[in-house]
Amino acid sequence: MFILGFRYNRKEKSNESVQLPFKTTPHLSGDVRVEWTDHHYNKVHVYQNGSDRPEEQDQVYRDRTEMKEDPLRTGDLSLNLKHLTITDTGEYTCSVYKDGHLLRGTAVSLKVKGQCCLFVSGCLYVSSCLSLVLFVSGCLSLVVCLCLFVSGCLSLVVCL
């Protein structure tokens with residue numbers, strides 16, 4: 001299995017999207033099945049027999065995903081995930097099957113940041129910070145972030 005690390009760090013906005021990348025060998029045979037799944041093994045997107053299979057997709061992802069046209073010919077199996085929410089944070093896997101056997105795949109890590117939420121990620125040092133940040137972009141908003149980094153691969157970020 002090919003592993004690709006990808007991190008997407010943005011504030012949540014209902015109209016934003018992200019591309020989960022996966023480029024592989026072009027000219028895959030037409031009888032392969034492409035499945036994107038999340039860390040709960042829910043089907044995010046399924047492509048088979050030259051078309052998307054929305055009836056196999058988990059309801060949470062309905063009308064929120066799309067692949068490029070003719071992905072098997074181009075080898076670009078990247079997935080666009082639209083209308084991001086905080087709950088989209090997590091690991092996504094793309095698997096390519098032929099006759100039920102795994103041919104290739106990738107794993108992509110997605111982190112969507114927003115206000116009033118809790119995030120956990122990797123870290124190897126001890127530190128703490130309290131920051132008060134004032135963002136000005138058309139309008140004023142006040143964001144207070146408390147960061148606590150714990151030794152041994154855990155960091156906790158709480159934004160209020």
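In this predicted model, a salt bridge (a side-chain nitrogen of Lys or Arg within 4 Å of a carboxyl oxygen of Asp or Glu) forms between Arg 33 and Glu 35, whose closest N and O atoms are 2.7 Å apart. Arg 33 is buried at 14% relative accessibility, and Glu 35 is buried at 13%; buried means under 20% relative accessible area, exposed over 50%, and partly exposed in between, with a 1.4 Å probe and protein chains only. A salt bridge also joins the side chains of Arg 53 and Glu 55, at 3.2 Å from N to O. Arg 53 counts as partly exposed at 24% relative accessibility, whereas Glu 55 is exposed at 53%. Through shared partners, salt bridges connect Arg 33, Glu 35, Lys 43, Arg 53, Glu 55 and Glu 56 into one network.

The count of salt bridges comes to ten. One of them is between the side chains of Lys 98 and Asp 31, with an N to O distance of 3.7 Å. This pair links distant parts of the chain, with Lys 98 in strand S7 and Asp 31 in the loop between S1 and S2, 67 residues apart. Lys 98 is partly exposed, with a relative accessible area of 29%, and Asp 31 is partly exposed at 41%.

Residues are numbered from 1 along each chain as its sequence is written. As the model is predicted, local features need pLDDT of at least 70, side-chain atom pairs count only at pLDDT 80 or more, and totals for chains, interfaces and linings use all residues, while side-chain values use heavy atoms and leave out hydrogens and water.

The secondary structure comprises one helix and twelve strands; helices (H or I, at least four residues) and strands (E, at least two) are DSSP runs numbered from the N terminus. Along the sequence the pattern is β-β-β-β-β-α-β-β-β-β-β-β-β. Five strands form an open sheet in the order S4-S3-S2-S7-S8, with antiparallel pairing, where pairing requires that DSSP finds at least two bridges between two strands. Strand S4 (51-52) and S8 stand at the edges with a single partner strand each, so one side of each has no neighbour in the sheet. Two bridges join the antiparallel strands S3 and S4, and Tyr 47 stands opposite Asp 52 in S4.

The largest nonpolar core (buried Ala, Val, Leu, Ile, Met, Phe, Trp, Tyr and Cys residues joined through side-chain atoms within 4.5 Å) has 23 residues, and those with the most contacts inside it are Leu 20, Val 34, Trp 36, Leu 77, Tyr 92 and Leu 110. At least two residues of this core come from each of S1 (17-20), S2 (32-38), S3 (43-48), S6 (79-82), S7 (90-98) and S8 (101-110).

Leu 28 lies in the loop between S1 and S2 and is buried, with a relative accessible area of 13%. Not counting residues up to four places away in sequence, Leu 28 touches Leu 72, Leu 77 and Arg 104, contact meaning heavy atoms within 4.5 Å. The C-alpha atoms of Leu 28 and Thr 74 are separated by 8.3 Å, with their positions 46 residues apart along the chain.

The chain averages a pLDDT (the predictor's confidence in each residue, from 0 to 100) of 73, and 61% of the residues score at least 70. Over residues 115-160 the pLDDT is below 50, and this stretch has 88 contacts in the model beyond near neighbours in sequence.
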